[in-house]
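Please look through the sequence and the structure shown below before reading on. This report then goes through some buried residues, the nonpolar cores and the spaces between the atoms.

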Amino acid sequence: MDRRERLALAGLVSLAAVCFCFRLGGVPLLGKDEPRYAEVAREMVVAGDWITPRLAGHTWFEKPALPYWLMAAGFSVFGINEFAARLGSALLAAVAAGAVYAVSRRVGGPDRAAYSAMVLITSGLWLAFARGASFDMPLAATMALAIAAFAFYELQEGARDRLVWSLVFGAATGAAMLAKGLAGPLLLGLIVVFSMLTCGSWRRVRIVEAAAAAAAALAIAGTWYVPVMAINGWPFVQEFFIDHHFRRYLTNRFSHPQPFYFFILVILGGLLPWTFVFLAGLKSLVPLVRRGPQTGEDRLLWIAGWSVVVPLVFFSLSTSKLPGYILPAFPGLALLTGWSAHRIEAEGSRRWAIVASALSLVAVGVGLALYGGRYLDASTRDVALLAFLPASAAMSIIAALRWRRIRTALWTVAAGGAGIAALISIFLFGEIGVRESLPALMAKANASLGAGERVLCFGVVEYSPVFYVQGRVVVDGAGDVLIAASRDEVANALRSAPDESVLVITDGQRAYELSIDPELDMEILERERNRVLLRVTYRDSAPT
């Protein structure tokens with residue numbers, strides 16, 4: 001390893017530290033999923049049961065165990081907090097970048113490897129999911145490990161080495177099944193089959209290698225699937241496999257419809273600031289598609305291509321679509337883009353792609369500044385920095401190109417992407433966290449909850465209470481957090497409460513509706529922005 005490669009590795013580590021870990025716990029858990037998943041992990045730690053997932057004390061078979069285990073391990077080491085909940089995703093994102101680096105270096109050398117890992121680390125969608133307590137990053141990262149192992153397998157000649165990489169591929173496939181169920185093994189199987197069939201390498205596969213891969217996958221996946229099915233039986237199969245696999249893919253039951261081309265748009269947007277570098281390299285892949293893979297470099301690009309095409313087609317055919325579904329395609333996209341960047345540097349052509357990347361940094365910075373100023377009440381200084389710093393990076397990139405320092409320009413694009421991630425963490429996440437998680441209300445709810453009391457959201461969609469009041473929320477018949485839509489649902493929650501008392505989070509209009517109900521007593525405990533925390537009980541004279 002020469003000095004240049006050591007410097008590149010140091011740069012990659014620095015980029016990963018900023019993009020994945022900087023102020024990782026600086027914002028509360030956001031959205032619908034983060035608080036629920038973190039609460040399941042917290043209940044695992046508290047109960048000491050790492051097999052049966054539970055949400056607010058009820059079995060919760062929506063997702064498999066690996067991400068919960070990562071969060072629970074973080075809680076055990078660092079305490080129950082946001083940093084610990086997200087750390088597993090951040091580390092896996094870095095591991096996946098390492099896998100892309102290793103397999104790219106094997107046949108393409110350290111420069112292509114550095115560019116490929118650099119693209120992955122600083123791609124917008126990848127770094128966003130690296131900072132979230134979700135299931136999409138564990139699936140994408142374990143699939144990246146499996147695809148890297150498959151590529152190493154394809155590049156080996158010795159029987160012993162191929163057997164070893166078969167085992168590694170199988171183990172990573174089993175981990176992918178632990179990360180998000182059947183999607184991982186199915187996608188990996190399709191990638192392997194199409195890659196081998198279209199280049200003829202299937203003829204080299206020995207039965208012992210296939211058996212070893214299958215055995216390793218079953219052994220890893222069986223660490224959770226065997227005991228959870230033994231303990232919970234058919235209810236687990238019904239909810240986990242039938243409802244959250246087949247019905248989610250084939251129907252719009254979970255209300256995520258999008259057009260067929262949705263994931264193409266997600267890729268183009270999520271790959272920023274590298275989208276134009278990727279597009280610039282597509283033309284050079286045409287001869288490979290026409291002639292098929294002939295060299296080691298060709299085979300790696302062939303596998304990377306299929307690792308993009310298979311998830312793109314598979315999830316585009318699904319009725320239910322969310323941006324995170326396409327995340328497993330990003331390691332392959334990063335490798336193709338990194339090799340395109342290296343080609344631009346080596347040939348000195350298509351530099352327009354780097355200029356476009358610089359302009360995309362400016363566009364993102366201006367967009368963030370407008371968003372912060374208009375919707376988050378960011379200060380004039382913060383807005384100016386959000387716009388100025390990406391623009392400064394863009395000017396540095398163009399200056400480097402002017403002096404034909406293409407390598408410097410590419411690294412500056414990466415630094416600009418990491419800088420934007422840091423700016424968001426510093427200037428925007430705090431305000432977003434306050435708006436989304438209502439910290440004052442959560443603190444007051446925790447201090448006010450009596451024995452047996454639970455929190456109910458009425459007419460407002462808030463999922464953060466499930467984690468921040470430690471699962472003491474009202475749930476629906478399916479065991480999910482109940483968002484009451486009517487006064488009748490509030491009344492039903494009161495009737496089922498031990499002391500006919502609940503804490504209600506709602507808005508001003510619905511608080512007024514409860515206040516004029518002759519059967520209810522209402523006490524205002526806290527206000528935060530447009531939300532109100534109430535204690536609601538039946539009047540002594542009211543019928544129950």
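## Two buried residues

In this predicted model, Asp298 counts as buried because its relative accessibility is 9%, and buried means under 20%. Asp298 has its place in helix 14, which runs over residues 296-316. When neighbours within four places in sequence are left aside, the contacts of Asp298 are with Leu288, Arg291, Gly292 and Pro293.

Pro328 lies in the loop between helix 14 and helix 15, and it too counts as buried, because its relative accessibility is 3%. Which residues does Pro328 contact, leaving aside its neighbours within four places in sequence? They are Leu139, Ala140, Met143 and Ser307. With Ala140 the two distances can be set side by side, since 188 residues separate Pro328 and Ala140 in sequence, whereas in space their C-alpha atoms are 4.1 Å apart.

## The nonpolar cores

The largest nonpolar core has 166 residues, and the residues with the most contacts inside this core are Phe20, Trp126 and Trp224. Helix 7 gives the largest share of this core, with 15 residues. A second core, separate from the largest one, has 19 residues, among them Ala493, Leu494, Val504 and Tyr538.

Trp224 can be followed further through the residues it touches, not counting those up to four places away in sequence. Its partners are Trp50, Ile51, Pro53, Lys63, Pro64, Ala65, Trp69, Leu178, Phe236 and Phe240.

## Closed spaces

Rolling a probe the size of a water molecule over the atoms shows where empty space is left. How many cavities of 30 Å³ or more does a search of the whole structure find? The search finds four. The largest cavity holds about 140 Å³ of space, and of the 14 residues that line the largest cavity, Val103, Ile147, Pro331, Gly332 and Leu335 are the closest to its centre. Helix 4 (82-108), helix 7, helix 14 and helix 15 (330-347) each supply at least two residues of this lining, which divides by class into 12 nonpolar, two polar and no charged residues.

The second largest cavity holds about 60 Å³ of space, and the residues that line it include Phe278, Leu282, Leu301, Trp339 and Arg343. Helix 13 (275-291) and helix 15 each supply at least two residues of the lining of the second largest cavity, and helix 13 gives the most, with five residues. By class, this lining has six nonpolar, three polar and one charged residues.

## An open space

The second largest pocket contains about 450 Å³ of space. Of the 23 residues that line this pocket, Phe169, Val192, Ala210, Ala213 and Ala214 are the closest to its centre. Which elements give two or more residues to the lining of the second largest pocket? They are helix 7 (136-155), helix 8 (159-180), helix 9 (183-199) and helix 10 (207-232).

Sorted by class, the lining of the second largest pocket has 17 nonpolar residues, together with five polar residues and one charged residue. Helix 7 can thus be met in several parts of this report: it gives 15 residues to the largest nonpolar core, it supplies at least two residues of the lining of the largest cavity, and it gives two or more residues to the lining of the second largest pocket.

Note on methods. Residues are numbered from 1 along each chain as its sequence is written. This is a predicted model: local features need pLDDT of at least 70, side-chain atom pairs count only at pLDDT 80 or more; totals for chains, interfaces and linings use all residues. Side-chain values use heavy atoms; hydrogens and water are left out. On a 1 Å grid over the protein atoms alone, a cavity is a set of points where a 1.4 Å probe fits but cannot get out, and a pocket is an open set with protein on both sides within 12 Å along at least five of seven lines; lining residues have an atom within 4 Å of a point. Grid points are joined across faces, edges and corners, and a volume is the space filled by probe spheres set on the points. Helices (H or I, at least four residues) and strands (E, at least two) are DSSP runs, numbered from the N terminus. Ala, Val, Leu, Ile, Met, Phe, Trp, Tyr, Cys and Pro count as nonpolar, Asp, Glu, Lys and Arg as charged, and the others, Gly among them, as polar. A nonpolar core is a set of buried Ala, Val, Leu, Ile, Met, Phe, Trp, Tyr and Cys residues joined through side-chain atoms within 4.5 Å. Buried means under 20% relative accessible area, exposed over 50%, partly exposed in between (1.4 Å probe, protein chains only). Contact means heavy atoms within 4.5 Å.
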